[in-house]
Amino acid sequence: MNETKKLVEIGNIVSNWELSADVNALVLECPDIVSVAKPGQFVMIKNEMGSTYLRRPFGVADVDKEQGLLLLIYRKAGKGTQELAQLDDGAPISVEGPLGNGFSFKNEGRTLLIGGGVGIAPIIYTARHLSKELDGPKPVILLGVRNHKELFWSDFVENFAEKLVYTTDDGSYGRKGFAIDAIPDILKEYPDIKHIKVCGSTVMMKGIAELAIKQGIECEVSLEKRMACGFGVCLGCTFEGKSGKRWKVCGDGPVFDAEEVFG
Amino acid sequence: MNLTRLATDFAGIRMATPVMGASGTFGFGVEYSDFLDLDQVGAIISKGLTPLPRAGNEGVRIAETPSGMLNCIGLENPGIDVFLRDILPKVRKEAPNTAFIANFSGSSVEDYGIMAEKLDVDGVDGIEVNISCPNVKEGGIVFGTDPKAAAAVTKEVKAHTTKPVIVKLSPNVTDITVMARAVEKAGADALALINTLTGMVIDINTWKPLLGNVTGGLSGPAVKPIAVRMVYQVAQAVNIPIMGLGGIATAEDAIEFLLAGASTVAVGAENFVHPDAVVRVAEGIDAYLEKHNLSHVSELVGKVKIG
């Protein structure tokens with residue numbers, strides 16, 4: 001369980017820039033949350049000057065603990081994120097976190113990290129943690145994106161990757177198809193892979209989870225569900241696991257053992 | 001914060017402040033301990049309890065709406081027995097000084113009596129009878145829109161408890177004062193109003209309702225003027241104390257409810273957005289009392305000047 005105290009901190013925007021036509025990166029200065037945030041955790045943010053009411057969950061994309069900086073990467077999908085994209089440096093954002101439990105890490109074997117769409121964001125911090133902070137074998141990173149215009153992710157992860165593989169929906173870069181299609185070759189090339197961690201769409205995670213379970217590879221999935229609070233009181237994000245136990249994506253997750261969700 | 005001018009006795013429930021965390025938005029209270037001092041919370045009002053565990057509704061349960069939100073959680077809760085065995089002892093250990101009000105509903109008049117009796121235990125300071133959840137058939141809404149049924153539930157609960165009984169009213173009625181008078185006559189010690197207003201959002205890309213349960217309950221700042229109006233009307237109609245709620249986000253909002261005739265207030269959806277809201281609202285009321293040279297919060301209750 002997350003035993004770190006949850007905080008609300010006003011984080012000033014350090015930079016907010018466009019990565020592609022519909023994806024932005026946002027760096028906020030919020031040293032207290034950053035000092036305790038772990039890979040796979042999330043924050044709930046609110047632009048107090050904006051017109052939306054509820055906070056929105058964003059996975060922690062990366063942290064700079066020395067400078068107290070938090071990186072978030074978001075798709076400009078709705079009114080709130082479109083307003084967020086308009087904000088200038090210095091604008092205050094209310095950040096609540098760190099929330100939920102991150103990925104688990106074991107000191108054995110190599111990890112295959114898989115991300116799809118903006119679900120790639122938490123893969124960045126996870127990859128840095130594995131390769132730099134834990135000093136274990138560098139992870140293999142597999143990213144599923146729409147097309148060659150979404151290769152900006154390389155700048156964030158290539159230093160932490162043993163190998164970086166892309167699949168694109170249209171075949172405009174890397175292998176054409178879905179991320180799952182690239183997994184057999186990766187497992188053949190890296191038989192030391194003992195763990196898979198995935199963050200992406202439900203369809204993507206379900207397929208990969210089933211593959212991992214069949215192959216006996218430990219697999220964790222990071223779920224996303226609509227939530228109002230982020231800390232276990234609204235019950236917007238609950239689901240029943242395969243064991244029959246009811247879970248809250250926010251407080252018990254967002255990372256779950258793949259068997260409990262898709263097994 | 002000067003707690004002497006905020007301390008409130010609400011129908012026999014002693015509270016540090018008149019500001020509570022509303023049912024369904026405040027968990028069991030302890031979930032908020034990272035964000036605020038539970039000693040400064042007027043009362044924790046529990047998530048709605050039912051006779052048996054409930055998983056709640058399928059599909060999307062939360063939708064943002066202009067200045068508010070819709071929910072159709074569907075009373076997901078562990079059931080009253082698990083609450084009494086596992087949750088209440090934990091809450092009393094972590095928040096020993098905070099008043100605790102248990103909110104509950106059933107699907108028959110008898111259910112309400114059985115629940116009230118089970119909740120008649122140490123550690124529960126009052127009970128809130130939910131006859132107004134719009135999201136499940138068993139959430140009491142059938143009792144909340146018919147004055148005779150509401151009175152029957154109230155009588156049944158009163159016969160099975162020694163605790164102060166608060167009845168939470170639905171705004172989804174033609175005349176809320178009829179309901180208020182009916183439950184007052186049946187013996188309710190206090191009223192809470194309003195529960196959520198029934199609403200709906202349609203996704204114009206799929207032509208389907210956004211919420212899994214088709215409709216949901218609207219809360220947040222959008223409902224506040226309706227809630228203030230209803231508190232005002234009910235305050236003219238009954239002699240029992242009123243807990244006002246519906247869209248309270250700030251002390252200024254809460255003071256409107258007090259002036260309209262509520263002697264206490266509860267913060268709901270705002271807890272999701274600003275989890276320190278219950279205490280922040282109490283602090284703001286205290287600052288207002290200081291500024292206006294008032295010695296106790298009760299001096300505001302029902303003081304709206306009409307005509």
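This briefing covers the overall build of chains A and B and the surroundings of a few of their residues. The model is predicted. Chain A has 263 residues, and chain B has 307. Among the residues described below, Arg55(A) touches residues of both chains.

**Chain A as a whole**

- Chain A contains seven helices and 16 strands. Its radius of gyration is 18 Å, close to the 18 Å given by the globule rule for 263 residues, so chain A is as compact as a globular protein of that length.
- Measured out along the principal axes, the C-alpha trace of chain A spans about 50 × 40 × 35 Å.
- Buried residues make up 58% of the 263 in chain A.
- Of the contacts in chain A with a separation of 6 or more, 63% are between residues 24 or more positions apart.
- The exposed area of chain A is about 11100 Å², and 49% of it comes from carbon and sulfur atoms.
- Chain A carries 31 positive and 36 negative side chains, with the centres of the two sets 5 Å apart.

**Chain B as a whole**

- Nine helices and 16 strands are found in chain B.
- The radius of gyration of chain B is 18 Å, which agrees with the value near 19 Å for a compact globule of 307 residues.
- A box of roughly 55 × 45 × 40 Å, taken along the principal axes, is filled by the C-alpha atoms of chain B.
- In chain B, 58% of the 307 residues count as buried.
- Residues 24 or more positions apart supply 70% of the chain B contacts with a separation of 6 or more.
- Chain B exposes about 11800 Å², of which carbon and sulfur atoms supply 54%.
- There are 25 positive and 34 negative charges in chain B, and their mean positions are 4 Å apart.

**Arg55(A), with contacts in both chains**

- Arg55(A) lies in the loop between β3 (42-46) and β4 (56-59) of chain A.
- Arg55(A) counts as buried because its relative accessibility is 0%, and the cut-off for buried is under 20%.
- Beyond four places in sequence, Arg55(A) touches chain A residues including Val8(A), Met44(A), Ile45(A), Lys46(A), Val95(A) and Glu96(A). From chain B, Phe272(B), Val273(B) and His274(B) are in contact with Arg55(A).
- Within chain A, the side chains of Arg55(A) and Ser94(A) form a polar contact of 2.8 Å.
- Across to chain B, the side chain of Arg55(A) reaches the backbone oxygen of Val273(B) at 2.5 Å.

**Asp62(A) and Arg128(A)**

- Asp62(A) sits in strand β5 (residues 62-64) of chain A.
- With a relative accessible area of 12%, Asp62(A) is buried.
- The side chains of Asp62(A) and Arg128(A) are joined by a polar contact of 2.9 Å.
- Leaving out residues up to four places away in sequence, Asp62(A) also touches Leu69(A), Leu70(A), Leu71(A), Ile124(A) and Tyr125(A).
- Arg128(A) is 73 residues from Arg55(A) in sequence, and their C-alpha atoms are 27 Å apart.

**His296(B)**

- His296(B) belongs to the segment after α9 (277-291) of chain B.
- The backbone oxygen of Ala7(B) is reached at 2.7 Å by the side chain of His296(B).
- Apart from neighbours within four places in sequence, His296(B) contacts Thr4(B), Arg5(B), Leu6(B), Ala7(B), Thr8(B) and Leu289(B).

Conventions:
Residues are numbered from 1 along each chain as its sequence is written. Chains are lettered from A and ligands numbered from 1 in the order in which they are written. This is a predicted model: local features need pLDDT of at least 70, side-chain atom pairs count only at pLDDT 80 or more; totals for chains, interfaces and linings use all residues. Side-chain values use heavy atoms; hydrogens and water are left out. Helices (H or I, at least four residues) and strands (E, at least two) are DSSP runs, numbered from the N terminus. The radius of gyration is taken over C-alpha atoms; the globule rule is 2.2 Å times the number of residues to the power 0.38. Buried means under 20% relative accessible area, exposed over 50%, partly exposed in between (1.4 Å probe, protein chains only). Contact means heavy atoms within 4.5 Å. Accessible areas come from the Shrake-Rupley method with a 1.4 Å probe; for residues, only the protein chains shown count as cover. Lys and Arg count as positive and Asp and Glu as negative; His and the chain ends are not counted. The place of a charge is taken as NZ of Lys, CZ of Arg, CG of Asp or CD of Glu. A polar contact is a pair of N or O atoms within 3.5 Å; within protein, one must be able to donate a hydrogen and the other to accept it, and residues adjacent in sequence count only if both atoms are side-chain atoms.
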